[in-house]
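Thank you all for making time this morning. I would like to walk you through one structure, going from the overall picture to a few individual residues, and I will try to be careful about each statement.

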Amino acid sequence: MFRTNTCGELRLRDVNKEVVLCGWVQRIRDKGGMIWIDLRDRYGITQLIFEEGKTSPEIIEIARSLGREYVIKAQGIVAERVAKNPKMPTGDIEIKVQKLETLNPSAVPPFLIEDETDGGEDLRMKYRYLDLRRNPVRRNLELRHQMLQKTRQYLDSQGFLEIETPFLIKSTPEGARDYVVPSRIHPGEFYALPQSPQTFKQLLMVSGMDKYFQIVKCFRDEDLRADRQPEFTQIDCEMSFVTQNDVLSTFEGLIRFLFKEVKGIDMDPFPRMSYADAIKYYGSDKPDIRFDMKFVDITTLAEGKGFPVFDSAEIVVGIRAKGCAGYTRKQLDELTDFVRRPQIGGKGLVYVRYNPDGTLKSSVDKYFSAEDLAAWAQKFEAQPGDLMLIMAGETNKTRSALNELRLKMGADLQLRDKNVFKPLWVIDFPLLEWDEETQRFHAMHHPFTSPKPEDVKLLDSNPANVRANAYDLVINGVEIGGGSIRIHQKDIQQKMFRTLGFTDEEAKKQFGFLMEAFEFGAPPHGGIAFGFDRLCALFGGADSIRDFIAFPKNNAARDVMIDSPSTISQAQLDELHLAIKK
Ligand code: ASP
C-alpha cells in the first residue's frame, strides 16, 4: 500500500498505530528542537512532528529541506498531542515521523494555498489546478458531485433513461450563435456544437423512449455577460404523454429531492404565477419572491393633476418600502442616482414619506394635495413609517427600472437572505416576441414550443397575444430552468416556422428531419432543462457559476490556463480548407 490513511481520518482511537500518509506540505514550523509540518490532502490536514534527539538526524534534515506544496510521504506512529487543536478534526493527534520521502518538490506557489488566499482572480485562473487545492474551491466541486449523483438517483427512480446525444451536430436556433467545427473531409462544410440537445430529445420521444434525461454540455457563442460561460451544463429532460402539470410536478419533485438530500431543507409546494402577473407585479419574468414589495399601479390616481412627468407617462407605478420613511435626503438622492444610471434607464424617482405622525410628505408636493397623497397611500396599503418610491414613463421601461430598484431595496433592507430559498414557476409565457431590429417575431422560448391549444386560432390574427405552454423555474430571482410542451404535429410546426418568417424551403432545409419525424407517429411530449452550474451556485450560496466549474473560462471567454482560443498551424488550416483573412 502506498499510504495507509488519508490526512483527514486519524483520531485518538488510532494512537500507537503505524501509518503512512501522503500529501502536500501546507506549513512548516521550525522551532529549533522541534519541527511541525501540516500535511494536507483532499480529506484534511494532519500534523507531523519531528523532535531533535528522538527523530533521526537524516529525517530531520529531509524535513528541513522541504518547502510549501512539496509532495511527501511520511511513515510514523500516531501519538496523542499535548497541545490539542479543537478546531481540527485530527487536532487530538499527531504523527511521530520515522521515515520521510520527498515524492516531488514544488516551486513556490504563486499564491497562498489557504482558505483565504492572496491570489487575484487572474492568477488563480492561470493556476486553476493550484486554486483547486484550496478548501472552498474543492468543496464547491464536492457539492457539484453530490448534485450530479442525486439528480441521477432521482431521475433513475422515476424511470428516466440517461441517453447521450451527439456534440457534432447541425445548428439548432435557440437564440444564440453556434460554435462551429469545420469538417476536414467535407470541404466548406461545418458541424455545429449543440446549444442544447433540443431536437434530439424530441426525436427520442418519437422513438418511444418516453422519459429521457442527460446531464450535458451545451455551447452558446453569446456576447459575454457576467456569469455566462460559453460551455455550460444542463440537466436536460423530456417526457411523452404529459400535460404541463405533469412536467411541473415531476421536476418540482427533482428540485425538492435535491434540497432535501443535499441541504436538508423541506420545501413547500412551489407557487405558480403567470408571466403577465410577474411583469405586472414585479417588472420581471424572474421575480425574487423572498420579499414582497409588489408593484402598485397608481396611473389613474396620479394623472391629470398638472405634473407633466406623470401626465405624459404611460404608467405611474411604485413600491412601498416598509419602515423607510426616515430615509435621509442623501439616501433618497442616492436612490434617484441609482435609477438614473444608463443601465437602469429610469428618468427619475418620486418619493412619498408616510411620517410616523401620519402626515405625508412627497417630492412633488407642488402638484399634489394631502388628499391626493392619502389616496396613493391607501392604494399602496402604506402605514405610517413607510416610504413610497414611484416611477413613471413608458410601461416596459418603467417596470424594468422599478424591478431594479425593488431588487436594490430588497438587498439594502437585507430581505434577500442567501439561506432562504423561494422557488416560483412562471407559466403562460407569450409564444412570440416582436423584434424591433429585424421587424419580425422571434420564438420567446424556441420554435418547437407549443401554443396553448385555445390560442392557436390567434396565430394568424394576433400572434403577439398567443400564449405558450412554456414555463420557467425561478429560485430567488434566478432562472434555474425552463421548458415547454412541444409541437408534435407537422402542420402546426410548419405554421410556426412561417410565423417566424421562414420560407417553407428554409424550414425544410434546417428542420426537414424533425418535421418528417412528426409524420411517423410523434407522441405529444414536453420537457425542461435546468442550468446545472447555476443550480450548484445557488445551493452553494454563491453568485458566480464559475466557482462551481473545475476549469471555467474567464469573462472574455478565454481559458487563461491552457491559453485558448489560440491560432492553429497553416497545415491545419489548409487541411480544414480554411483561409484566415489577414
Ligand atoms: N432546450 C431548452 C433550453 O435549452 C430547454 C427545453 O425547452 O427543454 O433552454
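If we take the contacts in the protein between residues at least 6 apart in sequence, 66% of them join residues at least 24 apart. Please keep in mind throughout that what you see is a predicted model. In that model there are 17 helices and 22 strands, and the C-alpha trace spans about 95 × 75 × 55 Å along its principal axes. Of the 582 residues, 48% count as buried, while the surface that the protein exposes comes to about 29200 Å², with carbon and sulfur atoms supplying 50% of that area. As for charge, the protein carries 80 positive and 86 negative side chains, and the centres of these two sets lie 3 Å apart.

Let me turn to the ligand. Which of the 14 residues around the ligand come nearest? They are Gln198, Lys201, His445, His446 and Arg486. For three of these I can give you a distance to an oxygen atom of the ligand, beginning with lysine 201, where an N or O atom of the side chain is 2.7 Å away from such an oxygen. In histidine 445 a polar side-chain atom lies 2.9 Å from an oxygen atom of the ligand, and for histidine 446 the distance from an N or O atom of the side chain to a ligand oxygen is 2.9 Å. Taken alone, the ligand would expose 270 Å², and the protein buries 91% of that. The elements that give two or more residues to the shell around the ligand are helix H5, covering 198-206, strand S21, covering 478-485, and strand S22, covering 525-531. Of the contributors to this shell, S22 gives the most, with three residues.

Next, two buried residues and their surroundings. Tyrosine 327 sits in the loop between strand S13, residues 315-321, and helix H10, residues 329-340. Is this tyrosine 327 buried or exposed? Its relative accessibility is 13%, and because the cut-off for buried is under 20%, tyrosine 327 counts as buried. Setting aside neighbours within four places in sequence, tyrosine 327 is in contact with Leu332, Leu335, Arg353, Leu387, Met409 and Leu413. For one of those partners, leucine 387, the separation from tyrosine 327 is 60 residues in sequence, while the C-alpha atoms of the two are 8.1 Å apart in space.

The second of the pair is glutamine 214, which belongs to strand S9, residues 211-219. Glutamine 214 counts as buried because its relative accessibility is 5%. A polar atom of the glutamine 214 side chain lies 3.4 Å from the backbone oxygen of isoleucine 163. Isoleucine 163 also appears among the residues in contact with glutamine 214 once neighbours within four places in sequence are left aside, and that list further includes Glu164, Thr165, Pro197, Gln234, Ile235 and Asp236.

I would also like to point out some details of the backbone. Serine 564 and proline 565 are joined by a cis peptide bond, with omega at about 5°, and proline 565 is placed in the loop between helix H16, residues 532-539, and helix H17, residues 570-575. Methionine 293 is not a glycine, and yet it has a positive phi of about 45°. You will find methionine 293 in the loop between helix H7, residues 275-282, and strand S12, residues 296-297, and with a relative accessibility of 9% it counts as buried. Asparagine 476, likewise a residue other than glycine, has a positive phi near 55°. This asparagine 476 lies in the loop between strand S20, residues 470-475, and S21, an element we met earlier in the shell around the ligand. Asparagine 476 is buried, with a relative accessible area of 5%.

I will finish with valine 456, in the loop between strand S19, residues 440-443, and helix H13, residues 458-461. How should we class valine 456, as buried or as partly exposed? At 23% relative accessibility, valine 456 counts as partly exposed, because that class runs from 20% to 50%. Valine 456 and isoleucine 492 are 36 residues apart in sequence, and their C-alpha atoms are 8.8 Å apart in space.

Definitions and conventions: Residues are numbered from 1 along each chain as its sequence is written. This is a predicted model: local features need pLDDT of at least 70, side-chain atom pairs count only at pLDDT 80 or more; totals for chains, interfaces and linings use all residues. Side-chain values use heavy atoms; hydrogens and water are left out. Helices (H or I, at least four residues) and strands (E, at least two) are DSSP runs, numbered from the N terminus. Buried means under 20% relative accessible area, exposed over 50%, partly exposed in between (1.4 Å probe, protein chains only). Contact means heavy atoms within 4.5 Å. Accessible areas come from the Shrake-Rupley method with a 1.4 Å probe; for residues, only the protein chains shown count as cover. Lys and Arg count as positive and Asp and Glu as negative; His and the chain ends are not counted. The place of a charge is taken as NZ of Lys, CZ of Arg, CG of Asp or CD of Glu. A residue is near a molecule or strand if one of its heavy atoms lies within 4 Å of it. A polar contact is a pair of N or O atoms within 3.5 Å; within protein, one must be able to donate a hydrogen and the other to accept it, and residues adjacent in sequence count only if both atoms are side-chain atoms.
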